[in-house]
Amino acid sequence: MFDLIIIGAGPAGLTAALYAGRSRLNTLILEKLSVGGRILMSEHIENYPGFSTVTTQELIRRMEEQVRALDVKIEVVQVEGIDIENKTVTADGKVYKAQALIIATGAKPRMLNCPGETRFTGKGVSYCATCDAPFFKEKHVAIVGGGNAVAEEAIYLARFARQVSIVHRRDELRASAILQEKLKENKKIKFVLSTVVTEIKGAAKVESISVKNVLTGEEKNLTCDGVFIYIGYDPDTEFLKGKLDLNESGFIISTEDMTTSGQGVFACGDCRKKTLYQVVTACADGAIAADSAYRYLASKGK
Ligand code: NAP
């Protein structure tokens with residue numbers, strides 16, 4: 001029996017664990033893959049206060065070290081089910097019990113769902129420039145999307161590729177102004193705007209994409225060696241369906257205190273509905289969630 005179980009060891013879960021550990025709550029983190037989560041798919045971060053730039057690995061290493069020093073336990077297991085009322089979590093066939101729960105499961109990359117995407121995943125289609133960019137030295141790659149992630153990853157890809165074509169469905173990007181300035185300064189980066197990808201094609205690996213201009217209806221073939229997809233993220237909340245209030249996209253509905261519709265269950269980070277999805281806001285959420293869990297446990301006489 002733990003005081004608190006945190007599901008997910010990204011920046012939100014680790015910060016929740018930091019605050020819970022400092023409140024001397026007997027805390028367990030369950031993580032399905034590796035400590036750090038999705039942020040490790042980016043190479044570095046430039047907008048975490050106090051660091052003009054830091055690698056995500058270094059930032060996570062420091063967060064983990066801080067948490068482990070507080071005797072928080074971390075287990076790498078896949079969560080399969082949750083019982084909100086009894087505060088039990090089933091993972092890899094084992095049942096873990098606590099008095100309060102924090103959900104910090106984050107989100108996973110959204111798919112384009114066009115023909116060829118699944119077939120060529122790992123054969124030219126990628127959702128992680130940091131992992132796969134070195135395979136595209138002096139190649140031409142397309143990168144799909146228009147947000148901050150596309151902007152940052154296009155700049156990273158341009159360090160390896162001969163040309164990076166940003167394919168975006170509208171005529172303007174939603175990425176921040178500073179990132180858009182950097183994109184325009186980079187000679188290797190081209191824009192294919194008002195355009196959607198309709199198919200990813202090739203023999204053994206990606207050789208081209210079919211694209212369609214949404215304004216003119218014109219369709220054409222774009223020769224490329226790789227396609228990186230950065231069109232947003234879907235929350236990792238399938239296991240909560242019917243158990244907690246989620247919005248139509250699956251994000252957890254929570255208050256500013258991180259309370260959810262489940263008593264004694266709190267949410268933080270990218271799995272909850274909010275307006276700004278950043279490492280710094282994930283950490284802030286985590287701190288608040290742990291504080292709310294502490295207050296909840298105190299009200300129960302813990
Ligand atoms: P995002 O900001 O939600 O942008 C997703 C982009 O993909 C949008 O441009 C969207 O087009 C496009 N899109 C969505 N569905 C599509 C589809 N089916 N087909 C084609 N295009 C589609 O996502 P993100 O860039 O991955 O970022 C996620 C969150 O992390 C954001 O809150 C972002 O600010 C944050 N982030 C921050 C940083 C940073 O500050 N350094 C870095 C990375 C990510 P529309 O524009 O037409 O909607």
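**Exercise 1. Determine which residues of helix 4 and helix 5 meet, and describe how the two helices cross.**

Solution. Begin with the contacts in this predicted model: Asn148, Ala151, Glu152, Ala154 and Ile155 of helix 4 meet Leu179, Lys182 and Leu183 of helix 5. Next, sort these contact residues by character, which gives five nonpolar, one polar and two charged. Then turn to the geometry, where the axes of helix 4 (residues 148-157) and helix 5 (residues 177-185) come within 10 Å and cross at roughly 35°. Finally, state the hand of this crossing, which is left-handed.

**Exercise 2. Describe the largest nonpolar core and find which element gives the largest share of it.**

Solution. The largest nonpolar core has 37 residues, and among those with the most contacts inside it are Leu4, Leu14, Ile29 and Val279. The elements that give two or more residues to this core are strand 1 (2-7), helix 1 (11-22), helix 2 (56-68), strand 8 (94-103) and helix 6 (279-299). Of these, helix 6 provides the largest share, namely eight residues. A second core, separate from this one, has 23 residues and includes Ile7, Val77, Leu101 and Ile252.

**Exercise 3. Locate alanine 104 and decide whether this residue is buried or exposed.**

Solution. First find the position: alanine 104 is in the loop between strand 8 and strand 9 (107-109). Now compare its relative accessible area with the cut-off: alanine 104 has a value of 8%, and a residue counts as buried under 20%, so alanine 104 is buried. Then list its neighbours, leaving aside residues up to four places away in sequence: alanine 104 touches Ile6, Ile7, Gly8, Ala12, Gly13, Cys268 and Cys271. As a last step, consider glycine 36, which lies 68 residues from alanine 104 along the chain, while the C-alpha atoms of the two are separated by 11 Å.

**Exercise 4. State how many aromatic pairs the structure holds, and work through the pair of phenylalanine 136 and phenylalanine 228.**

Solution. A search of the whole structure finds five aromatic pairs. In the pair of phenylalanine 136 and phenylalanine 228, the rings are 5.4 Å apart centre to centre, with 75° between the planes. Since planes over 60 degrees apart count as edge-to-face, this pair is edge-to-face. The pair links distant parts of the chain, with phenylalanine 136 in the loop between helix 3 (129-132) and strand 11 (140-144) and phenylalanine 228 in strand 17 (residues 226-229), 92 residues apart. To complete the picture, both phenylalanine 136 and phenylalanine 228 are buried.

Technical notes. Residues numbered from 1 in each chain as written. Predicted model: local features only at pLDDT ≥ 70, side-chain atom pairs only at ≥ 80, totals over all residues. Heavy atoms only, no water. Axes fitted to C-alpha atoms, helices over the stretch in contact; angles between N-to-C directions. Helix = DSSP H or I, 4+ residues; strand = E, 2+ residues; numbered from the N terminus. Left-handed = near helix turned anticlockwise from the far one by under 90°. Contact = heavy atoms within 4.5 Å. Nonpolar A, V, L, I, M, F, W, Y, C, P; charged D, E, K, R; others polar. Core = buried A, V, L, I, M, F, W, Y, C linked by side-chain atoms within 4.5 Å. Buried < 20%, exposed > 50% of the residue type's maximum accessible area, 1.4 Å probe, protein only. Phe/Tyr/Trp six-rings, centres within 6.5 Å; stacked < 30°, edge-to-face > 60°.
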